[in-house]
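The turns below ask how certain structural labels are justified. Each answer sets a computed value against the criterion behind the label.

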Amino acid sequence: MKALALFSGGLDSMLAIKLITNQNIKVHALNINIGFGGREDKSELMAKRASMAGASFEVIDVRNEYLQRVLFNPKFGYGKHFNPCIDCHAFMFKTALAMLESKEANFIITGEVLGQRPMSQRSDALMSVKRLSGDENDLILRPMCAKNLAPTKPELLGWVDRNKLEQISGRSRKRQLEMAKEFGFEDFESPGGGCLLTIDSFAKKIQDFKKFDDEMEVNDAQLLKYGRHLRLKNGAKLIVGRNELENTLLQNLKTNKYEELKLIDLIGAYSLVDKNINESDLEIALKIALAYSKADKNKQYQIKFKDKIYTSCPFDDKKQVSEFFVV
């Protein structure tokens, strides 16, 4: 027997894997990358945690498909912010179910706990996820709360011993922490969701993007994670890095929708602006770019935009910049 695990790197998914590997069943952990899991690449750490639970590990990049099929048209709507949790979970399961044959696996497991998440882990939500994912053969097993649910095919056929699974429900972490101690897990992530779509400030950036651009591409979504995002008076978007790391990330993520505002003979933040910006917004963008540099507010400086050199000076006061922030 072999199972594929939807793996977030959190404690619940580690414990779910351990419950199955302890039954001498191979587990291959899949981190389904939808593009909104956080600002850092934690794949190395997740691989380590999967290994601790006895599983091999792989990242599955579905960012483009997720943008096209799920994020902006969820059948079951959004949570408090921009999070289509039921559709998202169903999409992940559908992705994993489609991989069973190629990975020579028999069923799917997940670390979900009944009642732990208000939108996606209610009993009715789990049934909606099952239908939407296409799990017609009843191959999705939730080891952490299996005894609270009807037996699945892996249990009914004896692939998995149901008696060795858990009956956890609700938001308490007491049993999970007991299990972590039993299994010797000391390195695990604190619970907190981890999805940027559940964060108000990030949701507002997506909403702002959609007001001005109907086609979000993978790098557009990644750009939302970094820098200061500003919307200028005539609708142009300006992104300004906060630090050296963000400057590098923004430079690597630059798309053909943006052009750099390149400071000449001056140290400052890396800035991207809509390539079709009009002259009025460009005047403001130049002042903002200079405001986040070592520019003297009493001097004029040169900035290159496309193939042309412009001259400008920074705002007298950075408070003048605040009216343009998206969030």
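**Reasons behind the labels**

Q: What is phenylalanine 36 in contact with, leaving aside its neighbours within four places in sequence?
A: In this predicted model, phenylalanine 36 is in contact with Tyr66, Leu67, Leu71, Gly194, Cys195, Leu196, Leu197, Phe202, Ile206 and Ala221.

Q: Which residues have the most contacts inside the largest nonpolar core?
A: That core has 76 residues, and those with the most contacts inside it are Ile17, Ile20, Phe36, Tyr66, Phe107, Ile108 and Ile109. Its largest share, eight residues, comes from helix α4 (residues 85-97), while a second, separate core of 28 residues includes Leu230, Tyr292, Tyr301 and Val321.

Q: Why is serine 271 called buried?
A: Buried means under 20% relative accessible area, and serine 271 has a relative accessible area of 1%, so the residue counts as buried. Serine 271 is found in strand β9 (residues 271-274) and, not counting residues up to four places away in sequence, touches Leu238, Ile239, Val240, Glu259, Glu260, Leu261 and Ala289.

Q: Why is α1 called oblique to α7?
A: Helix α1 (residues 11-21) and helix α7 (residues 174-183) pack at an angle of about 55°, with their axes 10 Å apart. Angles under 35 degrees count as roughly parallel and 65 to 115 as roughly perpendicular, and because the angle here falls in neither range, α1 is oblique to α7. The contact is made by Leu11, Asp12, Leu15, Lys18 and Leu19 of α1 and by Gln176, Leu177, Met179, Ala180 and Phe183 of α7; by class, it has seven nonpolar, one polar and two charged residues.

Conventions:
Residues are numbered from 1 along each chain as its sequence is written. This is a predicted model: local features need pLDDT of at least 70, side-chain atom pairs count only at pLDDT 80 or more; totals for chains, interfaces and linings use all residues. Side-chain values use heavy atoms; hydrogens and water are left out. Axes are lines fitted to C-alpha atoms, for helices over the stretch in contact, and angles run from 0 to 180 degrees between N-to-C directions. Helices (H or I, at least four residues) and strands (E, at least two) are DSSP runs, numbered from the N terminus. Angles under 35 degrees count as roughly parallel, over 145 as roughly antiparallel, 65 to 115 as roughly perpendicular and the rest as oblique. Contact means heavy atoms within 4.5 Å. Ala, Val, Leu, Ile, Met, Phe, Trp, Tyr, Cys and Pro count as nonpolar, Asp, Glu, Lys and Arg as charged, and the others, Gly among them, as polar. A nonpolar core is a set of buried Ala, Val, Leu, Ile, Met, Phe, Trp, Tyr and Cys residues joined through side-chain atoms within 4.5 Å. Buried means under 20% relative accessible area, exposed over 50%, partly exposed in between (1.4 Å probe, protein chains only).
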